[in-house]
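Open the model in your viewer and switch to a cartoon view. Keep the selection box ready.

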Amino acid sequence: MDFHFIAPDLRALDLASAELLACCIWSDVRPARGLAGLLDFRLVGKLSRLSRESFLGGARGELVLVPGRPRFPFEKVLVFGLGPRAEFSDALYETAVKRMSRALEELHVVRAVVELPGRADGALTPERAAELLVPAIASDAHDAWWLVEDADAQRRMEPKLKRDRRSLRRE
């Protein structure tokens with residue numbers, strides 16, 4: 001699998017050539033922030049409405065699929081619930097990434113734009129997120145993930161991701 005980066009910006013997302021966009025929300029943080037906040041803006045408050053209607057709460061393990069088109073180039077948007085912000089940990093990050101990977105595999109998605117759990121608001125450093133990412137995926141079902149990160153985080157993550165990919169290819 002290859003990792004690429006994309007800025008957390010609507011214009012950049014409009015240019016992405018991926019099948020699906022995956023983002024995360026907390027159960028106790030409203031309005032949604034990060035990529036979910038951008039999506040909600042572009043989707044004219046659809047995520048907020050789903051939240052008010054108790055269809056989307058952000059509970060840990062929750063998974064909600066909404067259409068991305070026509071407002072995005074992605075066919076699907078997948079929203080992952082992370083639970084309460086204060087309970088987030090490395091173990092929960094790994095569990096969420098595994099769930100993302102499995103969900104994308106079950107949907108037969110090979111190219112996805114992915115907001116890594118906890119990264120939008122700094123619950124996990126870029127280095128730690130990169131360190132835990134490759135072992136948590138452990139699947140060849142995906143061709144590429146475009147990670148939603150700003151330029152600074154990208155510079156901090158890239159060396160670790162390259163090292164991990166090389167070591168996995170040798171195994």
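This tour goes through the sheet strand by strand, then a helix, then a pocket.

**The whole sheet.** The model you see is predicted. Start by colouring the strands. In what order do the 6 strands of the open sheet lie? The order is S1-S6-S5-S2-S4-S3, and the pairing is mixed. Now look at the edges. Strand S1 (2-6) and strand S3 (63-67) stand there, each with a single partner strand, so each has one side without a neighbour in the sheet. Turn the sheet to see its twist, which averages 25° from one strand to the next.

**Strand S2.** Select residues 20-25, which are strand S2. Is S2 enclosed or open? S2 is largely enclosed by the rest of the structure, because 6 of its 6 residues are buried. Show the side chains. In a regular strand the side chains alternate between the two faces of the sheet. Here Leu20, Ala22 and Cys24 point one way, while Leu21, Cys23 and Ile25 point the other way. Buried means under 20% relative accessible area.

**Partners of S2.** Add residues 76-81, strand S4. S2 and S4 pair in the parallel sense over 6 bridges. Cys24 has Phe80 as its bridge partner, and Ile25 has Gly81. Next, add strand S5. S2 and S5 run parallel and are joined by 3 bridges. Find Leu20 and look across: Ala112 of S5 stands opposite.

**Strand S6.** Select residues 144-148, strand S6. How many of the residues of S6 are buried? The count is 5 of 5. Both faces are covered. Ala144, Trp146 and Val148 lie on one side, and Trp145 and Leu147 lie on the other.

Now show the strands that pair with S6. S1 pairs with S6 in the parallel sense over 5 bridges. S5 (residues 111-114) also runs parallel to S6, joined by 4 bridges. Zoom in on Leu147. Leu147 is the bridge partner of Phe5 and also of Val114.

**Helix H2.** Select residues 34-42, helix H2. Which strands does H2 lie across? H2 lies across S2, S4 and S6, and runs at about 115° to S2.

**A pocket.** Finish with the second largest pocket, which holds about 150 Å³ of space. Select its lining: Pro8, Gly34, Leu35, Glu115, Arg119, Ala120, Val148, Glu149, Asp150 and Ala153. Colour these residues by class. You should get 5 nonpolar, 1 polar and 4 charged residues. Val148, a buried residue of S6, is part of this lining.

Conventions:
Residues are numbered from 1 along each chain as its sequence is written. This is a predicted model: local features need pLDDT of at least 70, side-chain atom pairs count only at pLDDT 80 or more; totals for chains, interfaces and linings use all residues. Side-chain values use heavy atoms; hydrogens and water are left out. Two strands pair if DSSP finds at least two bridges between them. Helices (H or I, at least four residues) and strands (E, at least two) are DSSP runs, numbered from the N terminus. Axes are lines fitted to C-alpha atoms, for helices over the stretch in contact, and angles run from 0 to 180 degrees between N-to-C directions. Contact means heavy atoms within 4.5 Å. Buried means under 20% relative accessible area, exposed over 50%, partly exposed in between (1.4 Å probe, protein chains only). On a 1 Å grid over the protein atoms alone, a cavity is a set of points where a 1.4 Å probe fits but cannot get out, and a pocket is an open set with protein on both sides within 12 Å along at least five of seven lines; lining residues have an atom within 4 Å of a point. Grid points are joined across faces, edges and corners, and a volume is the space filled by probe spheres set on the points. Ala, Val, Leu, Ile, Met, Phe, Trp, Tyr, Cys and Pro count as nonpolar, Asp, Glu, Lys and Arg as charged, and the others, Gly among them, as polar.
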